[in-house]
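Me: I would like to go through this structure by question and answer. Please keep each reply short and end it on what was asked for.

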Amino acid sequence: MLPEEGCARRRRVVPRTGCRGDPPLQVLLSTYQAVSLTLTTNDQGVRLCTLASGSSGNCVYINCRGTELLVDAGISLRAIEHGLQALGTSAANLSAVLITHEHIDHVRGLLPLVRKYNIPFYIDRLCACALPEDSHANAYEPPEPLFIEVGRGFGVGAAQATPFRTPHDSAANVGYIIECGGARVGVATDVGSITGQVANALLGCGTVVLESNYDRDMLLTGRYPPYLKARIMSGAGHLSNDDASVFLCRLVSSGTRQAVLYHLSHENNHPILALETAQYTLGRQGIRSRIAFSAYGPPAQCVGQESLFAQEADITLYVAPRSALGDLLVCE
Ligand SMILES: [Zn+2]
Ligand SMILES: [Zn+2]
């Protein structure tokens with residue numbers, strides 16, 4: 001158990017064994033089976049759940065009044081199928097997969113998935129050309145990709161998706177705004193910096209899935225070689241806890257009420273550090289935040305500070321687990 005005062009201070013390096021921690025990838029499937037979530041696919045609202053997060057794979061499930069989407073398919077086909085099954089649905093119900101960029105942690109299961117279930121997938125033309133070679137390419141052809149254009153929205157069933165440019169060292173990189181009814185959801189991962197385009201897109205979203213990749217001190221003192229540290233910290237690399245937290249303040253002012261901290265580095269971050277950095281930064285601006293920590297065990301075990309769970313809050317913070325289902329969010 002972590003010390004009670006732990007989360008009141010910043011820059012504390014939290015041992016990886018704290019709380020329940022990230023389950024190793026090999027227990028992924030059994031973890032999924034252990035989760036019992038119910039999802040009514042014909043529900044009138046918008047539901048969101050992360051299937052995986054981080055360098056070993058990224059995948060977000062969104063259900064818009066029965067229209068089911070994935071943003072990225074960075075885990076194996078089998079893991080996607082099991083994750084969706086645990087949510088009470090199936091890959092056969094997916095209407096589309098929206099791809100942010102071609103890095104393997106975002107497309108690992110893409111081609112096997114779209115081929116098996118004949119699912120349309122949306123991707124930047126440059127990313128499509130740079131997709132990793134598909135080892136099963138000769139089985140039979142996957143559906144042709146549907147090319148996106150930054151700023152140009154497209155409809156998928158009940159959802160309207162609009163890609164926006166994000167700075168990252170891929171062939172091209174986008175985030176997505178997904179709108180359905182009155183709900184507006186933003187997904188932004190692998191974001192080297194919060195540019196004007198990123199901010200314009202995400203401000204006003206009720207729910208945001210936002211990269212919070214690394215703790216600066218952990219990265220600087222960690223074992224990565226200097227070139228890799230420089231790459232991660234560059235404006236075309238990844239978003240730090242600090243930068244994500246500063247932007248969260250702007251998001252709350254614009255109406256964001258839920259944020260999922262996403263794509264945390266296993267090497268250079270920890271869920272508690274990401275959360276406490278966000279809460280500290282928000283608190284300094286007088287913004288009350290509440291932590292939903294169910295994916296990591298009972299909150300009291302992890303944080304032990306009453307005020308973190310205040311009933312009255314301006315924003316609820318979540319962390320996407322590395323290789324298990326996240327919380328099921330109701331988006332407004
Ligand atoms: Zn990437
Ligand atoms: Zn990535």
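Me: Which residues of helix 9 are buried?
Reply: The model is a predicted one. A residue counts as buried when 20 or more other C-beta atoms lie within 10 Å of its own. In helix 9 the residues that meet this are Asn241, Asp243, Ala244, Ser245, Phe247, Leu248, Cys249 and Leu251.

Me: Against which elements do the buried residues of helix 9 pack?
Reply: Helix 9 covers residues 241–254. Its buried residues pack against two helices and two strands. These are helix 6 (196–202), helix 10, strand 11 (207–211) and strand 12.

Me: What distance does helix 9 reach from its first C-alpha to its last?
Reply: Helix 9 has 14 residues, for which 20 Å is expected at 1.5 Å a residue. The span in the model is close to that expectation. From first C-alpha to last, helix 9 reaches 20 Å.

Me: Which residue follows helix 9, and what is its phi?
Reply: The residue that follows helix 9 is Gly255. The phi of Gly255 is positive, near 115°.

Me: Which residues does Ala259 touch, beyond those up to four places away in sequence?
Reply: Ala259 is among the residues with the most contacts inside the largest nonpolar core, which has 89 residues. The largest share of this core, six residues, comes from helix 10 (residues 271–284). Two of the residues that Ala259 touches, Leu248 and Leu251, are buried residues of helix 9. The full set is Val208, Leu210, Leu248, Leu251, Ile315, Leu317 and Tyr318.

Me: Is His263 buried or exposed?
Reply: His263 lies in the loop between strand 12 (258–262) and helix 10. His263 has a positive phi of about 55° although it is not a glycine. Because 30 other C-beta atoms lie within 10 Å, His263 is buried.

Me: Is Asn118 buried or exposed?
Reply: Asn118 sits in the loop between helix 4 (110–117) and strand 5 (121–123). Its phi is positive, near 50°. Most residues other than glycine have a negative phi. Because Asn118 has 9 C-beta neighbours inside 10 Å, it counts as exposed.

Me: Which residues is Asn58 in contact with, leaving aside its neighbours within four places in sequence?
Reply: Asn58 belongs to the loop between strand 1 and strand 2. It has 30 C-beta neighbours inside 10 Å and therefore counts as buried. The C-alpha atoms of Asn58 and Ile75 are separated by 6.5 Å, with the two residues 17 apart along the chain. The contacts of Asn58 are Ala52, Ser53, Asp72, Gly74, Asp105, His106, Thr189 and His263.

Me: How many residues of strand 2 are buried?
Reply: Cys59, Tyr61 and Asn63 point one way from strand 2, while Val60, Ile62 and Cys64 point the other way. Residues on both sides are buried, so strand 2 is largely enclosed by the rest of the structure. The count is six of the six residues.

Me: Which residue stands opposite Cys59 of strand 2?
Reply: Strand 1 (residues 46–52) and strand 2 pair in the antiparallel sense over six bridges. They form a hairpin with six residues between them, and Gly54 in the turn has a positive phi of about 115°. The residue opposite Cys59 is Ala52.

Me: Which residue of strand 3 stands opposite Asn63?
Reply: Strand 2 and strand 3 (residues 67–71) pair in the antiparallel sense over five bridges. This hairpin has two residues between its strands, and Arg65 in the turn has a positive phi of about 50°. Opposite Asn63 stands Glu68.

Me: Which strands stand at the edges of the open sheet?
Reply: Seven strands form the sheet in the order 6-5-4-3-2-1-15, with mixed pairing. Each edge strand has a single partner, so one side of each is left without a neighbour in the sheet. The edge strands are strand 6 (146–147) and strand 15 (329–331).

Me: What angle does the direction of helix 4 make with that of strand 4?
Reply: Helix 4 packs on the sheet, touching strand 4 (94–98) and strand 5. Its direction makes with that of strand 4 an angle of about 155°.

Me: Which residues of helix 2 are buried?
Reply: Helix 2 (residues 77–86) is mostly covered, with seven of its ten residues buried. Just after this helix, Gly88 takes a positive phi of about 85°. The buried residues of helix 2 are Leu77, Ala79, Ile80, His82, Gly83, Leu84 and Ala86.

Note on methods:
Residues numbered from 1 in each chain as written. Chains lettered and ligands numbered in written order. Predicted model: local features only at pLDDT ≥ 70, side-chain atom pairs only at ≥ 80, totals over all residues. Core = buried A, V, L, I, M, F, W, Y, C linked by C-beta atoms within 7 Å. Buried ≥ 20, exposed ≤ 12 C-beta atoms within 10 Å, placed from the backbone. Helix = DSSP H or I, 4+ residues; strand = E, 2+ residues; numbered from the N terminus. Contact = placed C-beta atoms within 7 Å. Expected span 1.5 Å × (residues − 1). Pairing = 2+ DSSP bridges. Axes fitted to C-alpha atoms, helices over the stretch in contact; angles between N-to-C directions.
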